[in-house]
Every structure is written in C-alpha cells, then in structure tokens.
Amino acid sequence: MVGYCPICGKPVYFAERKRSLGRDYHPLCLKCQICRRQLTAGQHAEHDEKPYCTYCYLKMCGPRGRHTHSHTYI
C-alpha cells in the first residue's frame, strides 16, 4: 500500500519514505515549515499536522509563542 506525503500530496513509495509521527514523507519534504531546515524522522515537533524544527517550534509555540494549543512533540 502506498502512502501519500502530507506536504506535497504525491505518493511515497516504501524505498524512499521517511516515516515520522505516523506519516510517510519524501526525504526532501521532511523539513521545517519556517526555516526549511531538513529534519530527522521522529526528532522534530509538529503543529497543525506540519513539521517544525525544535527551535522554530519553541519560538512559535513556547511560553511566549503565539500559539498555545494542539501540538505534539517527539
């Protein structure tokens, strides 16, 4: 069964997939939505189903960030 990348919406085949937080990504699609830094599978934060590096996530959603609801960090 082929999954679909939540970033680009295209099929992700088993040999190329990066599985993180229960989703399959293309290796080049798994990057921070703010700074565009490449992320390691399972070692990033998520907000509104989008991946973020730890720095940008804390800046955006930390104690003084603008968002304070529904987030996941692994």
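Start with the whole chain in cartoon view: its secondary structure comes to 1 helix and 7 strands. (Helices are DSSP runs of H or I with at least four residues, strands are runs of E with at least two, and both are numbered from the N terminus.) Trace the chain from the N terminus, and the elements run β-β-β-β-β-β-α-β.

Before you zoom in, a word on what you are looking at. This is a predicted model, in which local features need pLDDT of at least 70 and side-chain atom pairs count only at pLDDT 80 or more, while totals for chains, interfaces and linings use all residues. Residues are numbered from 1 along each chain as its sequence is written, and side-chain values use heavy atoms, leaving out hydrogens and water.

**Stop 1: colour by confidence.** The score here is pLDDT, the predictor's confidence in each residue, from 0 to 100. The chain averages 84, and 85% of the residues score at least 70. Select residues 11-12, strand β2, which has the highest mean pLDDT among the elements (96). Then select residues 71-73: this is strand β7, with the lowest mean (49).

**Stop 2: the helix.** Select residues 54-61, helix α1, and show the side chains of C56, Y57, M60 and C61, which are buried. (Buried means under 20% relative accessible area, exposed over 50%, and partly exposed in between, with a 1.4 Å probe and protein chains only.) Now look down the axis of α1: the buried residues fall within an arc of 105 degrees, so they line one face of the helix. That arc is taken from the directions from the helix axis to the C-beta atoms. On the other side of α1 you will find Y55, L58 and K59, which are exposed.

**Stop 3: the core.** Which residues touch the most other members of the largest nonpolar core? Select C5, C32, L39, Y52, C53 and Y57; they do so in a core of 14 residues. (A nonpolar core is a set of buried Ala, Val, Leu, Ile, Met, Phe, Trp, Tyr and Cys residues joined through side-chain atoms within 4.5 Å.) Helix α1 gives the most to this core, with 4 residues.

Stay on C53 and add C32, C35, R37 and L39: C53 touches each of them, leaving aside residues up to four places away in sequence. Contact means heavy atoms within 4.5 Å.

**Stop 4: a loop residue.** Select Q43, in the loop between β4 (23-25) and β5 (45-47). Is Q43 buried or exposed? Q43 is exposed, with a relative accessible area of 56%. Finish by drawing a distance from the C-alpha atom of Q43 to that of C53: the two residues are 10 apart along the chain, and these atoms are separated by 8.3 Å.
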